[in-house]
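Biologist: Please take a close look at one part of this model and then follow the chain outward from there, so that I can see how that part sits among its surroundings. I would like the reasoning spelled out wherever a class such as buried or exposed is assigned.

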Amino acid sequence: MMNILVTGSKGQLGTEIKNISKDYPDYRFTFVDIEELDLVQQADVQNFFSHNSFDYCINCAAYTAVDKAEKEVSQAMEINASAAARLARICSDQNTFLIHISTDYVFNGRNHKPYLETDPPSPNSVYGNSKLKGEEAVMQQANRWFIIRTSWLYSSHGHNFVKTIKRLASGKEVISVVGDQVGTPTFAGDLAVAIMEMIGKPGDIGCCEIYHFSNEGVASWYDFALAIIEDSNLDCSVLPIETKDFPTPASRPNYSVLSKKKIKNDFGIEIPYWRDSLRVVLKQLSGN
């Protein structure tokens, strides 16, 4: 039986993997969050792995407060880079295959066509830089690994853009949303399924590869908000504004569409259109 460790199990992606784990009876899952395993504490990590062994580790643990990271630099670097390096080293020692989750924020957003895995990263925020340092640590320290970059993650769990827009639109007649930042909303449940499809197949593909995954299609945050409101049947208008009219501590990529050609070719993964997946999550949130 395959043993799989999932870190950051209470986050959006970790929760979605837990939700579908019952569909994989041949795998034994261990789900841990900071209470069970604090990746920042080297002694805790070493002790945990001295008593447990795994075939795969899916690292969903991350510092994701993009704006707060501009001030909390050391915290972001410790969790996204140093902890990733620590985990990668011990996975290498145990010959555990590490699947590390990264982000579109490693790019500066100046592209005008979907980013390939081979495009040079150039983050323009502390968060993006910390995630890039984490990628570099995994590549340097792990002996078997996949890095999966994703974008605009949301689900029916935790804090995310979908829940924020629903809350704002329920109490206001008009909201303003940035319309000049373009990417792809990604349902964490679709990413969870993709990861499980990738597991068990590296023998055919090899190891040590970067992949991009998001839902299909392209949208601005304005498009995303409009779809949320329309599909929720909320009576609220959305006004598109420019990034300069909504300043934030951290700079966001203006264009961060990810090419999924590589992951589809290597694993035969079928990726849903973002609007279809959004409807799935809205039904979950409405209890239907």
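Modeller: Cys 208 is partly exposed in this predicted model, because its relative accessible area of 29% falls between the 20% below which a residue is buried and the 50% above which a residue is exposed. Cys 208 belongs to the loop that links helix H7 (202-205) to strand E10, and its phi is positive, near 65°, although the residue is not a glycine. A comparable description applies to Asn 95, which sits in the loop between helix H3 (73-94) and strand E4: its phi, near 60°, is again a positive value in a residue other than glycine, and with a relative accessible area of 42% Asn 95 is partly exposed.

The loops of Cys 208 and Asn 95 thus lead into E10 and E4, and both strands belong to an open sheet of six, in the order E2-E1-E3-E4-E5-E10, with parallel pairing. Strand E2 (27-32) and strand E10 (209-212) are the edge strands; each has a single partner, so one side of each has no neighbour in the sheet. From one strand to the next, the twist averages 20°. Within the sheet, strand E1 (residues 2-7) pairs with strand E3 (residues 56-59) in the parallel sense through four bridges, and Val 6 stands opposite Ile 58 of E3. Helix H1 packs on this sheet and touches E1, E2, E3 and strand E4 (97-103), its direction making about 150° with that of E2. Helix H4 (residues 126-141) also packs on the sheet, touching E4, strand E5 (145-150) and E10, and its direction makes about 160° with that of E4.

On E4 itself, Thr 103 is a useful residue to inspect. Its relative accessibility is 5%, so Thr 103 counts as buried. Apart from neighbours within four places in sequence, Thr 103 is in contact with Tyr 127, Lys 131, Arg 149 and Thr 150. Thr 103 and Ala 81 lie 22 residues apart in sequence, with 13 Å between their C-alpha atoms.

The helix H1 that touches the sheet also has a helical partner. H1 (residues 12-20) packs with helix H6 (residues 188-198) at an angle of about 60°, with axes 8 Å apart, which makes the two helices oblique to each other. H1 contributes Gln 12, Leu 13, Glu 16, Ile 17 and Ile 20 to the contact, while H6 contributes Ala 188, Gly 189, Leu 191, Ala 192, Val 193, Ile 195 and Met 196. Sorted by class, this contact holds nine nonpolar residues, two polar and one charged. Nine of the eleven residues of H6 are buried, so H6 is largely enclosed by the rest of the structure; Asp 190, Ala 194 and Met 198 are among those buried residues. Just after H6, Gly 200 adopts a positive phi of about 95°.

Gln 12 also leads to another place in the model, since Asn 160 touches Gln 12, Leu 153, Tyr 154 and Ser 155 when residues up to four places away in sequence are not counted. Asn 160 lies in the loop between strand E6 (153-154) and helix H5 (161-171), and its relative accessible area of 8% makes it buried.

E6 and H5 appear again around helix H8. The buried residues of H8 are Trp 221, Phe 224, Ala 225, Ala 227, Ile 228 and Ile 229, and they pack against E6, H5, strand E7 (174-178), strand E11 (219-220), strand E12 (237-241) and helix H10. The axes of H8 (residues 221-231) and H10 (residues 274-286) come within 10 Å and cross at roughly 45°, which makes H8 oblique to H10. Their crossing is right-handed. At this contact Asp 223, Phe 224, Ala 227, Ile 228, Glu 230 and Asp 231 of H8 meet Trp 274, Arg 275, Leu 278, Arg 279 and Leu 282 of H10, giving six nonpolar, no polar and five charged residues. After H8 comes Asn 233, whose phi is positive, near 55°.

How values were computed. Residues are numbered from 1 along each chain as its sequence is written. This is a predicted model: local features need pLDDT of at least 70, side-chain atom pairs count only at pLDDT 80 or more; totals for chains, interfaces and linings use all residues. Side-chain values use heavy atoms; hydrogens and water are left out. Axes are lines fitted to C-alpha atoms, for helices over the stretch in contact, and angles run from 0 to 180 degrees between N-to-C directions. Angles under 35 degrees count as roughly parallel, over 145 as roughly antiparallel, 65 to 115 as roughly perpendicular and the rest as oblique. Contact means heavy atoms within 4.5 Å. Ala, Val, Leu, Ile, Met, Phe, Trp, Tyr, Cys and Pro count as nonpolar, Asp, Glu, Lys and Arg as charged, and the others, Gly among them, as polar. Two strands pair if DSSP finds at least two bridges between them. Buried means under 20% relative accessible area, exposed over 50%, partly exposed in between (1.4 Å probe, protein chains only). A crossing is left-handed if the near helix is turned anticlockwise from the far one by less than a right angle, and right-handed if clockwise.
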